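Please study the sequence and the three-dimensional structure shown below. The exercises then ask for a few features to be read from them.

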Amino acid sequence: MKKRTFRAGAVLLSAAMLLQGTALLPAAAEEITETCYYADLNGDEVLDVSDLVLMKNGLAHPESLTELGAYAFSNCTFLSAAHLPPHIRVIPAHAFEACNYMTSLTLPDELERIGEYAFAGSVAFERVQIPPHVEIIAGFAFYDAGLTEITFPEGLLSIGRNAFAFCKDLRRVRMPDGLIEIGDNLLRYCDSLEDVRIPQPPELSHSLRRQLLMLIKQATEPVRSMIRLQLLLSYPALIEMAEDWLEPGLPQLIRFGHIRTVEKLVKLPGLVDMQLLDQAIGWAVKAEQPELLAMLLREKKLRGGYDGTGGLLSL
C-alpha cells in the first residue's frame, strides 16, 4: 500500500487552515512533510472532508502518522494543543517552534529524539512529560519555552547545548544518572531555578565533569551550592572546598527532598559535624520532609547524640 504523504502547497493542506486553533488532518496520513503547516493555523478556512480527524481547539493526528517534517507546525500561533500519536520516533527540527498559544502537549510513547529548536519559543505550556524511550534532546530544543518543571526519563543519554536556556520560569530540573552528555549553556538565564538534580553515576567522566562545572558557573545561589554538593559525591577531590557550599546548598537539598544525596553527604567523613547536623534536622522539620527527618535523626543516634525520645521533633 502506498504511503499517504501530505506536502506543503498541496490543495488538501492549503485548505486546512483553521479558525481558533482547531486542526483537521487526513485520517490515513502517514507522513507530514517539511514546512507542511508552517504558519497555516492562523487562517479561517476549514476543509470539510469525511476522512479527517478533528480535535476542538487543538491538533489531533491520526494513529497512522509516523513521520513529521522539519518546520511542520512552526509559527502556528493559534494552535492551542498538540497530541501526537504513539508511533512517531522523531520530533524534527523546528517542528513546533514559536507556537505561542500551545498550552497542552502530549508527546508520542515511542519517541526517541527531540530535534533542534523543536519547541523553542513556545511559551504557553508549562509542563511536558518526556516519554521513556527518548535518548537525545538536541540543542535549543526548548530554548525560551514556558516550562516550569522538567523530568527526564532514566534512559536519556544526551541533552544538547542551550536546550533549556532562557526558560525563565523553569523551577525544577531532575536529570537521570545515565546521562552522559550535557551541552553548554544548558540552563543559562533560567533565573527562577530552585531545584536541580544532576547525574550521580558511579564514575564521572572527564567530559561530564567539565560540563557540570560549567553548569555551576551559570547557576546562582543557592542552586549553585546545591549542584556543587551533588558533584562532590562523584568527585571527592572537591571536599576541601565543600565547607563554603554547605550552608547555602544543604537547606535547599533538604527543602526539595533529595534524601539519597543528603544521606550520602552526612556520612562523608568530616563534612557534616554535629552542629550542622542539628541545623539540618531543623531544616527538615521546617520543610516538612518526614523521611529526611527520620534519616537525620537516625544519623544523630548513631553518633550518640540522640536518645530516641522524640524531643528533637519540636525544633
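Four exercises with worked solutions follow.

The model is predicted, so local features need pLDDT of at least 70 and side-chain atom pairs count only at pLDDT 80 or more, while totals for chains, interfaces and linings use all residues. Residues are numbered from 1 along each chain as its sequence is written, and side-chain values use heavy atoms, with hydrogens and water left out.

**Exercise 1. The chain as a whole**

Determine the secondary structure of the chain and the share of its residues that are buried.

Solution.
- Step 1: Helices (H or I, at least four residues) and strands (E, at least two) are DSSP runs, numbered from the N terminus. The chain has seven helices and 17 strands.
- Step 2: Buried means under 20% relative accessible area, exposed over 50%, and partly exposed in between, with a 1.4 Å probe and protein chains only. Of the 315 residues in the chain, 49% are buried.
- Step 3: A contact means heavy atoms within 4.5 Å. Among the contacts in the chain with a separation of 6 or more, 45% involve residues 24 or more positions apart.

**Exercise 2. S234 and two cysteines**

Describe the surroundings of S234, and decide how many disulfides the count comes to.

Solution.
- Step 1: S234 belongs to helix α3 (residues 223–234). Its relative accessible area is 15%, so S234 is buried.
- Step 2: Leaving aside residues up to four places away in sequence, S234 touches Q200, P201 and L204.
- Step 3: A disulfide is a pair of cysteine sulfur atoms within 2.5 Å. The count comes to zero disulfides.
- Step 4: For C167, the nearest cysteine sulfur is that of C190, 5.3 Å away, and C167 is in no disulfide. C167 is buried, with a relative accessible area of 0%, and C190 also counts as buried, at 7% relative accessibility.

**Exercise 3. The two sides of helix α6**

Establish which residues of α6 are buried and which elements they pack against.

Solution.
- Step 1: Helix α6 (residues 274–286) has 13 residues and reaches 19 Å from its first C-alpha to its last, close to the 18 Å expected at 1.5 Å a residue. The expected span is 1.5 Å times one less than the number of residues.
- Step 2: The buried residues in α6 are L276, L277, A280, I281 and A284. They cover an arc of only 150 degrees around the axis, and therefore lie on the same side of α6. The arc is that of the directions from the helix axis to the C-beta atoms.
- Step 3: Q275 and K286 are exposed on the other side of α6.
- Step 4: The buried residues pack against α4 (243–255), α5 (259–267) and α7 (290–302).
- Step 5: Just after α6, E288 takes a positive phi of about 55 degrees.

**Exercise 4. Aromatic pairs**

Classify the ring pair of Y143 and F166, and then that of F152 and F164.

Solution.
- Step 1: Rings of Phe, Tyr and Trp (its six-membered ring) pair if their centres lie within 6.5 Å; planes under 30 degrees apart count as stacked, over 60 as edge-to-face and the rest as tilted. The whole structure holds ten aromatic pairs.
- Step 2: The ring centres of Y143 and F166 are 5.4 Å apart and the planes meet at 55 degrees, so this pair is tilted. Y143 and F166 are 23 residues apart.
- Step 3: F152 and F164 form an edge-to-face pair, with 5.7 Å centre to centre and 70 degrees between the planes. Both F152 and F164 are buried.
- Step 4: Ring pairs link F73, F96, F119, F125, F142, F152 and F164 into a cluster.
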